[in-house]
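Colleague: I am new to this structure and should like to understand the terms used to describe it. Please set each value against its definition.

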Amino acid sequence: MALRHFLSTQDWTRPELDALLDQAALFKRSKTGHQLEGKSIALLFFNPSMRTRTSFELGAFQLGGHAIVLAPGKDAWPIEFEVGSVMDGEAEEHVAEVARVLSRYVDLIGVRAFPKFQDWAVDREDRVIRAFAKHATVPVINMETITHPCQELAHIQALQERFGKDRGSSPGQALRGRKYVLTWTYHPRPLNTAVANSALQIATRYGMDVTLLCPTPEYVLDQRYMDFARQNVAENGGSLTISHDPQSAYRGAHVIYAKSWGALPYFGRWAEEKPIRDAHQHFIVDEAKMALTDHGVFSHCLPLRRNVKATDAVMDSTACIAIDEAENRLHVQKAIMAALIVNRDGNKAPQRRHSR
Ligand code: CP
């Protein structure tokens, strides 16, 4: 069977994503299983993490598997990704060897590698995880690069828990036809566009009427993700609108999803972007804006700076489902790991120990 990775939800069909979400809901009700018995996953973190590391390690353990966490350049050798590079710099080994060696040891590889924030034309190639997917002989999971597909599924699971699952094609049932606002929020530093790209992809995939709310046209996301969103709208219904007006965007919304990101035209010239960002601190999610929604829910991928991105009142309100979404990372990632193992090994039952 062809090697299957989990790099982007766009590579997976809606029925496949729905099956992952169904399995995640089962794992939420019953935490332990044997799906990863005798299996292992290497988790490579090129950037910090709290939720991703904890939920992957714990998820592997709860399914009978084992996780090994590596931080290349810190507790593991620095890695070279350039093809044909004369490796006389910092890197001690090439991804071609790292990915192949790890594939001899483990059954899955997870990679977190954020952009370098110098040149978006380079960062948008997502070369770290692409290189692992190219050289590994086991499935590779995106733990956040320039998209965050595990977060996407956790987000949808949290929304389905509030609104229900779509059973038919008519709008207004569960998620289909809901008014969904992806709002930029202020942060003192320019951040990754990954979660925003992902939110755009998955909200349109599930047929919602999506508004991308951001300070100026310069904060519109990369063309690739805008195109995916438009393609998803064409295939799944719903709509995609761009707005720079918080009042009109929030009015009647059912979902407010917040994220801060750096404007792509200013990559590498962040001092020039800073005044624009600083002028839009009023994009904070607060009670007044939430009051404009139609009893809307609020979420964020976390970590979140309170009273910068969203107020204490919003974070502590019953509308906030960010903690549910964070919990769901555990469940959806177990579903992803189990599905990739079944895809690679077939439906062989795990070898069970017999006790007398
Ligand atoms: N949302 C998320 O990925 O959290 P961490 O950065 O803590 O892993």
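Modeller: Let us begin with the ligand: one of its oxygen atoms is 2.6 Å from an N or O atom in the side chain of T52. The model is predicted, with local features needing pLDDT of at least 70 and side-chain atom pairs pLDDT 80 or more, while totals for chains, interfaces and linings use all residues. Residues are numbered from 1 along each chain as its sequence is written, and side-chain values use heavy atoms, without hydrogens and water.

Colleague: What makes the pair formed by an oxygen atom of the ligand and the side chain of H148 a polar contact?

Modeller: A polar contact is a pair of N or O atoms within 3.5 Å; within protein, one must be able to donate a hydrogen and the other to accept it, and residues adjacent in sequence count only if both atoms are side-chain atoms. The distance to H148 is 2.9 Å, so the pair qualifies.

Colleague: Why is N47 called buried?

Modeller: Buried means under 20% relative accessible area, exposed over 50%, and partly exposed in between (1.4 Å probe, protein chains only). N47 has 17%, and is therefore buried. Its side chain also reaches the backbone nitrogen of F114 at 2.7 Å.

Colleague: How do you know the span expected of helix α13?

Modeller: The expected span is 1.5 Å times one less than the number of residues. For the 24 residues of α13 (322–345) that gives 34 Å, and the helix reaches 35 Å from its first C-alpha to its last, close to expectation.

Colleague: How many residues of α13 are buried?

Modeller: Of its 24 residues, 18 are buried, so α13 is mostly covered.

Notes:
Helix = DSSP H or I, 4+ residues; strand = E, 2+ residues; numbered from the N terminus.
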